[in-house]
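Visitor: Please take me through one part of this structure slowly. I would like a close look at a pair of neighbouring strands, and then at what lies around them.

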Amino acid sequence: MTLALPPVGYDPALERLEIELLLEGVFRHYGFDFRSYAYASLRRRVWKRIEAEGLSTVSALQERVLHDPDVMNQLLLDLSVNVTAMFRDPSFHAAFRRLVVPVLRTYPFIRVWHAGCSTGEEVYSMAIILEEEGLYERARIYATDINEIVLQQAKAGIFPLNRMQEYTENYIRAGGTRSFSEYYTAKYDGALFSPALLRNVVFAQHNLVTDRSFSEFNVILCRNVLIYFDKELQQRVHGLFYDSLATFGVLCLGSKESLKFSKYEDCFEVLSQTDKIYRKVK
Amino acid sequence: MGHVAGYRIVVIGTSWGGLHALSVLVRGLPADFPLPLAIVQHRSRDSEGLLGELLQDETALRVSEVEDKEPILPGHVYVAPPDYHMLVDGAHFSLTVDPPVRFSRPSIDVTFISAASACGAGTVGVVLTGANEDGALGLRRIVECGGHGVVQDPATAEIGTMPAAARRAVPSAAVLPLEEIAAHLMQLATLAGAATVGPPWRSR
């Protein structure tokens, strides 16, 4: 990613006003609501699109976005796609096996919501863990994202071959019990993951900003998605997760995310502080 | 240098040799250092926690590895966690997992530019030892926004590549031997202390 910078001397107050107007326009014309995203990271992504379009002001981008749906689609990708990896943070996945799996064993049926699953790397990771722990037959993973395009990629299950060495190391450190290469077939420069891993996965479009809870879950995974939201919206989504968890349901956040600054902190107990695994207790 | 009173944050970038340089720097700061200090040190994905602990041994200031939306408080030392970009976002930090910038995550340039955007002329940027050129563009942006640039004298750096690049990008930066940087920051911070009782237009 480039540095994506406004020109020298660009008035920060004017820039903020223009970005707010752009987001308001996008919301009212297209229905995508980015108005409560964290400003600093959103700003970087907006300037990336401005540079890619060969423009020099936010207002110029606004004109193009409102009059050209293709540019809106590009902006949607810029603003909504989260970078991910298989078994990102191996210690989290190891902790999940150690702390959460034993509890899940006591359930006849396990419902998992993977919120903001992006291109699906961590959905496959979770399916592999449940498979190796003998729990997958009684599990269902609901994998959602705001963005239809990344869901299509997730369903296709083809990931860059040049990342497999990194993913294999992650898999081993995450406590994998088999040979990682059993799960994919290498073809050209892609690794095609076994479609059998998706047999209990349901992909669906869901918008954390505007959509409601759609079921009750035993586990909710939402890692490194809320970091792109501002504090108020984060809190609202914490509430959505709280409402969507069964009693003693488990919430997994990214390793640098926290319930510490949220009013829902007291509704959860900490299962792992370093790996940000929480359990709903009231 | 130092033409604007009211500094609000110090951002520091380093890579190769950074642990030693950072230890010397924070050891030189008094326990009542009045500004927040945000450190970006290139390091491996797995080096979780260690840098913060080592620096904590050197200073009475509170050192923490940043979590998302952590409030930015005066007299605290903040360390960017490995494998995230750290952005100054108003009154707190935001983290992102956006792709690495020129192979680095955290990227010094990304943090510096966000600080310049959020704090403008209230930003002090410091580039220490390192073996690549990250930080040079960010330091230039800080100075373009009216902030102040400090560069470790490349001759005193374990690896001079990074400070030399920053000095080329920002000829007006104060170039100082490592041992003098803490005292220089304290001088700038004292100006900031004076500004907090100043007129309200300084606050944003």
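Guide: Start with strand β1 (residues 110–115) of chain A and strand β7 (residues 217–222) of chain A. They run parallel, and 3 bridges join them. This is a predicted model, so keep that in mind throughout. Pick out A:Val112 in the picture. Its bridge partner in β7(A) is A:Val219.

Now step back to the sheet. Chain A has an open sheet of 7 strands here, with mixed pairing. Read the order across as β6-β2-β1-β7-β8-β10-β9. Which strands form the edges? They are β6 (201–205) and β9 (268–272) of chain A, and each of these pairs on one side only. The sheet is also twisted from strand to strand. On average, neighbouring strands are turned by 20° against each other, direction ignored.

A helix packs on this sheet. It is α6 (residues 121–132) of chain A. It touches β1, β2 (139–145), β6 and β7 of chain A, so your starting pair is included. The direction of α6 makes about 170° with that of β2(A).

Next, find a second strand pair in chain A. Strand β4 (residues 184–187) and strand β5 (residues 190–193) run antiparallel, joined by 4 bridges. A:Ala186 stands opposite A:Ala191 in β5(A). The hairpin of β4(A) and β5(A) has 2 residues between the strands. Look at A:Tyr188 in this hairpin: it takes a positive phi near 50°.

Where do these strands sit in the chain as a whole? Chain A is divided into domain 1 (12–80) and domain 2 (90–280). Taken over C-alpha atoms, the centres of the two domains are separated by 29 Å. The domains still touch. Their contact takes 8 residues from domain 1 of chain A and 10 residues from domain 2 of chain A. On the domain 1 side, helix α4 (residues 69–80) of chain A gives the most, with 3 residues. By class, that side has 4 nonpolar, 3 polar and 1 charged residues.

Stop at one residue, A:Glu53. It lies in the loop between α2 and α3 (58–67) of chain A. Is A:Glu53 buried or exposed? It counts as partly exposed, because it has 16 C-beta neighbours inside 10 Å. Leave aside its neighbours within four places in sequence. A:Glu53 is then in contact with A:Leu61, A:Arg64 and A:Val71. Compare its position with that of A:Leu271. The two are 218 residues apart along the chain, and their C-alpha atoms are separated by 46 Å.

Chain A also meets chain B. That contact takes 22 residues from chain A and 25 residues from chain B. On the chain A side, α2 (39–52) and α9 (231–244) each supply at least two residues. The largest share of that side, 5 residues, comes from α2(A). The side divides into 12 nonpolar, 5 polar and 5 charged residues.

Finish in chain B, with a helix pair. The axes of helix α4 (residues 136–144) and helix α5 (residues 161–169) of chain B come within 8 Å and cross at roughly 35°. The crossing of α4(B) and α5(B) is right-handed. From α4(B), the residues B:Ala136, B:Leu137, B:Leu139 and B:Arg140 take part. They meet B:Ala165, B:Ala166 and B:Ala169 in α5(B). The residues of this contact divide into 6 nonpolar, no polar and 1 charged.

Notes:
Residues numbered from 1 in each chain as written. Chains lettered and ligands numbered in written order. Predicted model: local features only at pLDDT ≥ 70, side-chain atom pairs only at ≥ 80, totals over all residues. Contact = placed C-beta atoms within 7 Å. Nonpolar A, V, L, I, M, F, W, Y, C, P; charged D, E, K, R; others polar. Domains from an automatic or database assignment. Pairing = 2+ DSSP bridges. Axes fitted to C-alpha atoms, helices over the stretch in contact; angles between N-to-C directions. Left-handed = near helix turned anticlockwise from the far one by under 90°. Buried ≥ 20, exposed ≤ 12 C-beta atoms within 10 Å, placed from the backbone.
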